[in-house]
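Work through the exercises below with the sequence and the model side by side. Try each task before reading its solution.

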Amino acid sequence: MQSAPLPETLANLLGQDPNSTAVMIVMSLVGAGLIGTLMMTNTALAGPWAKRKITAAFTDRIAVDRIGPYGLFIIVADAVRLLSKELIVPEGVDRPAWDLAPLIIASTALLGFAVIPMGNGIHLADPEVGLAYVFAVASTTSIGLVMAGYASNNKYSFLGGLRAVAQNLAYEIPLILTGASVVIFAGSLQMSEIVAAQQQSLIGPLPSWYAFVNPFAFVLFMIANLAEVGRNPFDIPEAPTEIVAGYQTEYSSVYFVLIYLGEFIHIFLGGAIIATIFLGGPAGPVLPGIVWFLIKIWGVFLFTQWARSAVPRVRIDQLIEIGWKGMLVLSLANLMLTAVIVGVTV
C-alpha cells in the first residue's frame, strides 16, 4: 500500500509546498492532531459508554440508558464528574514520578499510531522499521506502571506495579516473536509493506490475510494482546478483588482519567496492530479504508470485552506460568516453523 503520508497529503490539499521543512512541520502537527483526535474520540466512546453496554449485553443486564439517547451523554457526565473531583495527593508520594506516570501511560499508546496505516494516505509516517517502532513505544508503558506503583507510597500500588512488570515481561516476548513470524512472511518491518503483502487472494475470494495464512500465530497474538492490555484472564495488576486497584489505587480526578484513558488507548493500539499485521489493515470491499480499519479495531475491542465478561481471572502464579512455559514455547515454535515454511517455499 504505497501512498503519500498524511502531512504530504494535507500540504497538497492546502496548496502548500511539501518540500518545505516549515510546511511539513506544521502539517505533521496538524496530521498528528487529526489522528490523535480520531483515536481519542473512539476511546471516549468506548470507555464510559460502549464498555458498559457491551458488558451489560453479555451478562444480561441493563446498561446506561437514561442520560441522553441510548445513554450516550454518560460520556459527558463521566467527564464532568471525574474532572471536577479533587486531586488528592497522598502523603509521602514521590511527587515527580507520581505526576509523570499517568502522562506516560496515556501518551505512549498515542505515539504508536504514528506509523499505523489507517487508509489511503492516512498515516503520519511509514519508516522501514515501523513494526519495531510500534512494539518499542507500546512497551514503554511499563515504565509508567512501575512509576505509578512505586511513587504512590502504597503497598497495594507497589504490588500492582510489580505484577504489571512481571506480566508485561512474560507476554511481550511471545507478542514480539509472533509478530516476527509475520515479518518473515512479509519480508519487511515496514507497515505499508506488511499490508500490501496481504492484498492478494489466498483461495478464491478469501484474502491472504495472515490471520488466514497463519491462524496459529493470530490466536497466539490475540491471547498475548489480552495480557498486554490487562483484560481477563490477565487483569491481575489492577484486579479489585486481588489488590484493591493496583498501581492506580492512589490516583483521583484528572490523573485517574489519564490512566483510564491510557488503558483504552492501548486496547485500540493493540487492535490497530492486529488489524495491520493480521487482518489486511484498511483493506476491504466497497467501504473506504478508514471505515474498515475502524471496524476491525472495534472488533478486537469487542473481543477484549467478551473476555472481560466471560473468562475467569487466573492467579498471578498461573499467569506467569502460562506466559513463560506456554506462550513463549509456542511462539518460538511458531517462529521456527514459519521460517522453515518460508525457506522451503521461496
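The exercises that follow go from domains to helices, salt bridges, backbone angles and a surface patch.

The model is predicted, so local features need pLDDT of at least 70 and side-chain atom pairs count only at pLDDT 80 or more, while totals for chains, interfaces and linings use all residues. Residues are numbered from 1 along each chain as its sequence is written, and side-chain values use heavy atoms, with hydrogens and water left out.

**Exercise 1. State how the protein is divided into domains and how far apart their centres lie.**

Step 1. Domain 1 covers 49-84 and domain 2 covers 93-345; the bounds come from an automatic or database domain assignment.

Step 2. Between the C-alpha centres of domain 1 and domain 2 the distance is 25 Å.

Step 3. Domain 1 gives 8 residues to the contact and domain 2 gives 14, where contact means heavy atoms within 4.5 Å.

**Exercise 2. Find which residues of helix α6 are buried and what covers them.**

Step 1. Helices are DSSP runs of H or I with at least four residues, strands are runs of E with at least two, and both are numbered from the N terminus.

Step 2. Buried means under 20% relative accessible area, exposed over 50%, and partly exposed in between, with a 1.4 Å probe and protein chains only.

Step 3. In α6, 8 of the 11 residues are buried, and the helix is mostly covered. The buried ones are Thr141, Ser142, Gly144, Leu145, Met147, Ala148, Gly149 and Ala151.

Step 4. The cover over these residues includes α4 (95-112), α5 (130-139), α7 and α12.

**Exercise 3. Compare the span of helix α13 with the expected value, then list what its buried residues pack against.**

Step 1. The expected span is 1.5 Å times one less than the number of residues.

Step 2. Helix α13 runs over residues 289-310, which is 22 residues, and its first and last C-alpha are 32 Å apart, close to the expected 32 Å.

Step 3. Phe293, Lys296, Ile297, Val300, Phe301, Thr304, Gln305 and Ala307 are the buried residues of α13. They pack against α2 (21-58), α10 (215-228) and α12 (253-278).

**Exercise 4. Describe the salt bridges of Arg81, Asp99 and Arg313.**

Step 1. A salt bridge is a side-chain nitrogen of Lys or Arg within 4 Å of a carboxyl oxygen of Asp or Glu. By this rule there are 8 salt bridges.

Step 2. Arg81 pairs with Asp78, with the closest N and O atoms 3.0 Å apart. Both residues are in helix α3, 3 residues apart, which is about one turn. Arg81 is partly exposed at 40% relative accessible area, whereas Asp78 is buried at 8%. A network of salt bridges links Arg52, Asp78 and Arg81.

Step 3. Asp99 forms a salt bridge with Arg95 at 3.0 Å, N to O. This pair is 4 residues apart in helix α4, so about one helical turn separates Asp99 from Arg95. Asp99 is buried at 19% and Arg95 is partly exposed at 39%.

Step 4. Arg313 meets Asp235 at 2.7 Å, N to O. Arg313 lies in the loop between α13 and α14 (316-345) and Asp235 in the loop between α10 and α11, so the pair ties together parts 78 residues apart in sequence. Arg313 is partly exposed at 30%, and Asp235 is buried at 9%.

**Exercise 5. Locate Tyr70, Asn153 and the cis peptide bond before Pro233.**

Step 1. Most residues other than glycine have a negative phi, and most peptide bonds are trans.

Step 2. Tyr70 has a positive phi of about 60 degrees. Tyr70 sits in the loop between α2 and α3 (74-83) and is exposed, at 66% relative accessible area.

Step 3. Asn153 also has a positive phi, near 55 degrees, and lies in the loop between α6 and α7.

Step 4. The bond from Asn232 to Pro233 is cis, with omega near 5 degrees. Pro233 belongs to the loop between α10 and α11 (240-243).

**Exercise 6. Identify the residues of the nonpolar surface patch and the elements that supply them.**

Step 1. Patches are made of residues with over 30% relative accessible area and no salt bridge; like charges are joined within 9 Å, and nonpolar side chains (Val, Leu, Ile, Met, Phe, Trp, Tyr) within 5 Å. Accessible areas come from the Shrake-Rupley method with a 1.4 Å probe, and for residues only the protein chains shown count as cover.

Step 2. Val146, Tyr150, Phe158, Leu159 and Leu162 form the patch, with about 470 Å² of accessible area together.

Step 3. Two or more residues come from each of α6 (141-151) and α7 (155-186). The most come from α7, with 3 residues.

Step 4. Val146 lies in α6 and is partly exposed, at 37% relative accessibility.
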